[in-house]
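Me: I have a structure open and would like to go through it piece by piece. Can you help me read it?
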2 protein chains.
Amino acid sequence: MPRIGMEPLRRKALVEATLRTIGQQGSLDVTMSEIAREAGVSPALAHHYFGSKQQLLVATIRSLLARLRTDAVSALENVETPRERLSAIIRVSFQADQFAPETVAAWLAFYVEAQRSEEVRRLLVIYARRLRSNLLDSLERLCPPDDAARIAEGVAAMIDGLYIRQSLRSAPIGSTASMTLTEDYLDLQLRPFLRQDAPGTLAPNSSHRRGE
Amino acid sequence: MPRIGMEPLRRKALVEATLRTIGQQGSLDVTMSEIAREAGVSPALAHHYFGSKQQLLVATIRSLLARLRTDAVSALENVETPRERLSAIIRVSFQADQFAPETVAAWLAFYVEAQRSEEVRRLLVIYARRLRSNLLDSLERLCPPDDAARIAEGVAAMIDGLYIRQSLRSAPIGSTASMTLTEDYLDLQLRPFLRQDAPGTLAPNSSHRRGE
DNA sequence: TACAGTTGATTGACTGATCAATCAATAAAA
DNA sequence: TTTTATTGATTGATCAGTCAATCAACTGTA
């Protein structure tokens, strides 16, 4: 029962089905049939709209990146101080939907795909650069540029590392504990540059609440 | 020209060929033909010795883990103080051959495979646990158990994160800089617990040499 | 020493399954 | 009628896994 104007709907449904299928399966080894079944259409239709499997995959990564971007943008609006902006960036990374096993699995799979596909690699590099530049913007208001670069690299590595460890589900560490770890790192790195007029916060141990 | 006693040689050659092929290709999507060609034998022989592709892959992961283990053991012998042991652990993780793009790609691919294969997952969990327990052993001699656990988690995440970022070749960060970042993190986390009789080392900023 | 039989090593050729991609056909909407 | 949506059927390629056959090295043993 073909209605007109289905194209955008089908594209969206197929991309979402791809993400779901990859997440469930935990790898990019998903067939067009599986994706199409998940989307409730025939495999032929997926080809009709996307031309090839590779293009459907790329569209899916794009949508993942777009979601992350809008999350980040909305998390950063109305947040003024550099330190609060840093916390907002961290919070977005460990938001429930970003940290869900399915999403983590999909990200991981795309990292692997980046080894082979120049296009996928370019997209992921864009993500890495955006994270880095978001962190740098705020950090450079809090410390000298050299230190800002170093700290940004460290925070980014810690975020990515907590992600990959989440994928194994071995380390008993949830999103709350992950955020705390990253925040602690940031606090500790920034301590030497703290304005002296700020009160308190000079306890030797920076670990606050922990666990989840 | 079949000589007798080839089995161990062939097994070894096939495992090494698997590692090389995965590293070059950047994913586990390698065919038995490619692996066999790389090892200089026929695909049938690979099946003869390993039974299935999956078993060959598992054997390959085992060998990767074994290499890491012997590296770690030899790096830790004759190293006495807890702090030096921590540095040794970090050094092993970023050793040239462990940090080589090919090896990183293989590790990444195995993380993805762990999503699907319970056996692969178990093996990687063993690696994660071993790293964690190595770190914990030394850390608990330097600070209270709660803090040791927290710091171990952070160091492990940072190591894994620097690994995954290395795979994208986007962040211009080499093995030396990676080690420095991790060491800095450790220094900063351990500072509150430093014995007061230790001299010097009280500069506000812990970043020493940097870059690479 | 010669030689028949056994065992391990190795492969080419084949099979069966899977899957991406194509295409011609159908059906509704404009 | 033209356009858009949709699919079943099919094709061609790829691959893991199997199998029977070959070849060389050992093991008696007469």
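**DNA strands and helix packing**

Reply: Start with DNA strand D, which has 21 residues around it, and the nearest are A:Arg10, A:Ser42, B:Thr31, B:Met32 and B:Lys53. Keep in mind that this is a predicted model.

Me: Which part of DNA strand D is within 4 Å of the protein, sugar and phosphate or bases?

Reply: Of the strand D atoms within 4 Å of the protein, 75% belong to sugar or phosphate, and the rest belong to bases.

Me: What polar atoms lie by the phosphate oxygens of DNA strand D?

Reply: A polar side-chain atom of A:Arg10 lies 2.6 Å from a phosphate oxygen of DNA strand D. An N or O atom in the side chain of B:His47 is 3.1 Å from a phosphate oxygen of that strand. For A:Glu7 the polar atom belongs to the backbone, and the distance is 3.4 Å.

Me: Which helices supply at least two residues each of the surface near DNA strand D?

Reply: Helix 1 (7-25) and helix 3 of chain A do, together with helix 3 of chain B. Helix 3 of chain A gives the most, with four residues.

Me: And how do the residues of that surface near DNA strand D divide by class?

Reply: They divide into 10 nonpolar, six polar and five charged.

Me: Now the other strand. How many residues surround DNA strand C?

Reply: DNA strand C is surrounded by 22 residues, and the closest are A:Met32, A:His47, A:Lys53, B:Arg10 and B:Ser42. Among the atoms of strand C that come within 4 Å of the protein, sugar and phosphate account for 77%.

Me: Which backbone atoms lie by its phosphate oxygens?

Reply: B:Ser42 has a backbone N or O atom 2.9 Å from a phosphate oxygen of DNA strand C. For B:Met6 the corresponding distance from a backbone N or O atom is 3.3 Å, and for B:Glu7 it is 3.4 Å.

Me: Where does the largest share of the surface near DNA strand C come from?

Reply: Helix 3 of chain B, with four residues. The helices that each supply at least two residues are helix 3 (43-50) of chain A, and helix 1 (7-25) and helix 3 (43-50) of chain B. By class, the residues of this surface are 11 nonpolar, six polar and five charged.

Me: Changing topic. At what angle do helix 7 of chain A and helix 7 of chain B pack?

Reply: The angle is about 145°, and the axes of these two helices, residues 101-113 in chain A and residues 101-113 in chain B, are 9 Å apart. The crossing is left-handed.

Me: Which residues meet there, in helix 7 of chain A and helix 7 of chain B?

Reply: From chain A, A:Leu108, A:Ala109, A:Tyr111 and A:Val112 meet B:Leu108, B:Ala109, B:Tyr111 and B:Val112 from chain B. That contact has eight nonpolar residues, with no polar and no charged ones.

Me: One more pair. How do helix 9 and helix 10 of chain B cross?

Reply: Helix 9 (residues 145-168) and helix 10 (residues 175-190) of chain B have axes that come within 10 Å and cross at roughly 165°. Therefore helix 9 of chain B is roughly antiparallel to helix 10 of chain B. Their crossing is right-handed.

Me: What residues make the contact of helix 9 with helix 10 in chain B?

Reply: Helix 9 of chain B brings several, including B:Arg150, B:Ile151 and B:Gly154, while those of helix 10 of chain B include B:Ser178, B:Leu181 and B:Tyr185. By class, this contact has nine nonpolar, four polar and one charged residues.

Terms used: Residues are numbered from 1 along each chain as its sequence is written. Chains are lettered from A and ligands numbered from 1 in the order in which they are written. This is a predicted model: local features need pLDDT of at least 70, side-chain atom pairs count only at pLDDT 80 or more; totals for chains, interfaces and linings use all residues. Side-chain values use heavy atoms; hydrogens and water are left out. Axes are lines fitted to C-alpha atoms, for helices over the stretch in contact, and angles run from 0 to 180 degrees between N-to-C directions. Angles under 35 degrees count as roughly parallel, over 145 as roughly antiparallel, 65 to 115 as roughly perpendicular and the rest as oblique. A crossing is left-handed if the near helix is turned anticlockwise from the far one by less than a right angle, and right-handed if clockwise. Contact means heavy atoms within 4.5 Å. Ala, Val, Leu, Ile, Met, Phe, Trp, Tyr, Cys and Pro count as nonpolar, Asp, Glu, Lys and Arg as charged, and the others, Gly among them, as polar. A residue is near a molecule or strand if one of its heavy atoms lies within 4 Å of it. A polar contact is a pair of N or O atoms within 3.5 Å; within protein, one must be able to donate a hydrogen and the other to accept it, and residues adjacent in sequence count only if both atoms are side-chain atoms.
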